[in-house]
Amino acid sequence: IISISQIVNKLAEYYRFNKNIAKLVICSMLIIYIGIADLRIHPYYIDFFNVFYGGPKTVQKNNTFDFGWWGEGNTEAMRCLNNNAKANASIGLAIRPNHTIGNKIRNDLTLINDSPQREEASYIMVNYEKEIYVDYYGNNPTLMLNYNLVKIVEAGGAPLVKIYEKK
């Protein structure tokens, strides 16, 4: 394995430039790259995948690695429902893990976990983990006919959680 230091040393010998400045420039470029990548995926750093894997969107599309399996985005989606759901609405939860929605839920909202009544909820919240591994909502015709997609929580262009509202 060749290190960055060895590459810089060889290039410095060949092109006759200062090795320390070259190392500083390369390290600075790496730090800038990681900083920009982190800003693009904020606050879901656990879903960072570098350009060698095509980023989060490609990793999710190709199912290269588990994506969103810690419940990333569930709290943000629930915060959105807390702020925007109609009074006395019911929310069907199709999420995994289901303990990741936070603990500040509006008093008038009713949560419906995995049960048939979820199909009658005012809103349905589906995360990627539940969508692909349980395959309940991936291409569910009932959902597509009776609900409109109103919000997507993303990490680097890859959907983590989708919120549907009953038509």
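In this predicted model, Met125 touches a long list of residues beyond four places away in sequence, including Asn74, Ala77, Met78, Leu81, Ile101, Val161 and Ile163; a contact here is a pair of heavy atoms within 4.5 Å. Met125 and Leu81 are also the residues with the most contacts inside the largest nonpolar core, a set of 25 residues. Such a core joins buried Ala, Val, Leu, Ile, Met, Phe, Trp, Tyr and Cys through side-chain atoms within 4.5 Å, with buried meaning under 20% relative accessible area, exposed over 50% and partly exposed in between (1.4 Å probe, protein chains only). Two or more residues each come from α4 (74-84), β1 (90-94), β3 (123-127), β4 (147-155) and β5 (158-166); helices (H or I, at least four residues) and strands (E, at least two) are DSSP runs numbered from the N terminus. A second, separate core has seven residues, among them Ala94, Ile112, Ala121 and Tyr164.

As for α4, its buried residues are Asn74, Ala77, Met78, Cys80, Leu81 and Asn82, and they pack against β1, β2 (110-112), β3, β4 and β5. Helix α4 also has the highest confidence in the chain, a mean pLDDT of 94, while α6 (141-146) has the lowest, at 71. The chain averages 82, with 91% of residues scoring at least 70; pLDDT is the predictor's confidence in each residue, from 0 to 100.

Over in the loop between α3 (55-62) and α4 sits Phe65, which counts as partly exposed because its relative accessibility is 34%.

Residues are numbered from 1 along each chain as its sequence is written. Local features need pLDDT of at least 70 and side-chain atom pairs 80 or more, whereas totals for chains, interfaces and linings use all residues, and side-chain values use heavy atoms, leaving out hydrogens and water.
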